[in-house]
Amino acid sequence: CYRRGFACRTVGTRFMKIACDVYKSVNKENYYLYVLADQGVEHVPKELRELLGKVEIALSFELTKERSLAKEDPVVVMANLKEHGYYLQLPPAEHD
């Protein structure tokens, strides 16, 4: 099925897959913005777009709860994509 930006396989009403695009900020190192596939960043709040500055697509893939992500919990990313339509991955915290 494909509904509201979600490429999905359903079990009951649960989404098992979400097609997403990941954009990286050109201006801010290690800032990544996950959005629903083919929706671009126009729906992301203006303040966040201004903070990130210019972005370019880094990759596209199908996100599942089983998929291993380098720095994020896929379940958290999926929940944010479903609720807000985007997820911002911040750079690792610097330790003093």
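# Exercises on a predicted model

The side chains of Lys46 and Glu50 form a salt bridge, with 3.9 Å from N to O, in a model that is predicted.

**Exercise 1. Identify which helix holds Lys46 and Glu50, and state how they are spaced along it.**

Solution. Begin with the contact itself, which at 3.9 Å from N to O falls inside the 4 Å cut-off for a salt bridge. Next, place the two residues: both belong to helix H1, residues 46-52, and because they are 4 residues apart there, about one helical turn separates them. Finally, consider the surroundings, where Lys46 and Glu50 are both exposed.

**Exercise 2. Find the salt bridges formed by Glu62 and by Glu56, and say which parts of the chain each one links.**

Solution. The count of salt bridges comes to 3. Take Glu62 to begin with: its partner is Lys17, and the closest N and O atoms are 3.4 Å apart. This pair connects distant parts of the chain, since Glu62 sits in strand E7 whereas Lys17 sits in the loop between strand E4 (14-15) and E5, with their positions 45 residues apart. Glu62 is partly exposed at 41% relative accessibility, and Lys17 is partly exposed at 26%.

Turn then to Glu56, which pairs with Lys24 at 3.6 Å between the closest N and O atoms. Because Glu56 lies in strand E7 and Lys24 in strand E5, this salt bridge ties together parts that are 32 residues apart in sequence. Glu56 has a relative accessible area of 36% and counts as partly exposed, as does Lys24 at 32%.

**Exercise 3. Determine which elements give two or more residues to the largest nonpolar core, and which side of H2 its buried residues occupy.**

Solution. The largest nonpolar core has 12 residues, among them Ile18, Val22, Leu36, Phe61 and Leu81. Strands E5 (18-25), E6 (32-36) and E7 (55-63) each give two or more residues to this core, and so does helix H2 (74-84). Apart from this core lies another, of 8 residues, including Tyr23 and Val44.

For the helix, list the buried residues of H2, namely Pro74, Val77, Met78 and Leu81. Because these residues cover an arc of only 100° around the axis, they are on the same side of H2. Its two ends can be described as well: at the start, a side-chain oxygen of Asp73 comes within 2.9 Å of the backbone nitrogen of Val75, and after H2 comes Gly85, whose phi is positive, near 90°.

**Exercise 4. Asp21 is buried yet has no salt bridge; establish how far away the nearest side chain of opposite charge is, and which backbone nitrogen lies 2.9 Å from a polar atom of the Asp21 side chain.**

Solution. Asp21 is located in strand E5. The nearest side chain of opposite charge is that of Arg67, at 11 Å, which is beyond the 4 Å cut-off for a salt bridge. The polar atom in question instead lies 2.9 Å from the backbone nitrogen of Asp38. Leaving aside neighbours within four places in sequence, the contacts of Asp21 include Tyr34, Leu36, Asp38, Ile57 and Leu59.

The last step is to look at Asp38, which belongs to the loop between E6 and H1 and is exposed, with a relative accessible area of 71%. Although Asp38 is not a glycine, its phi is positive, about 65°.

Conventions
Residues numbered from 1 in each chain as written. Predicted model: local features only at pLDDT ≥ 70, side-chain atom pairs only at ≥ 80, totals over all residues. Heavy atoms only, no water. Core = buried A, V, L, I, M, F, W, Y, C linked by side-chain atoms within 4.5 Å. Buried < 20%, exposed > 50% of the residue type's maximum accessible area, 1.4 Å probe, protein only. Arc of directions from axis to C-beta. Polar contact = N/O pair within 3.5 Å; in protein donor to acceptor, adjacent residues only side chain to side chain. Lys, Arg positive; Asp, Glu negative; His and termini not counted. Contact = heavy atoms within 4.5 Å.
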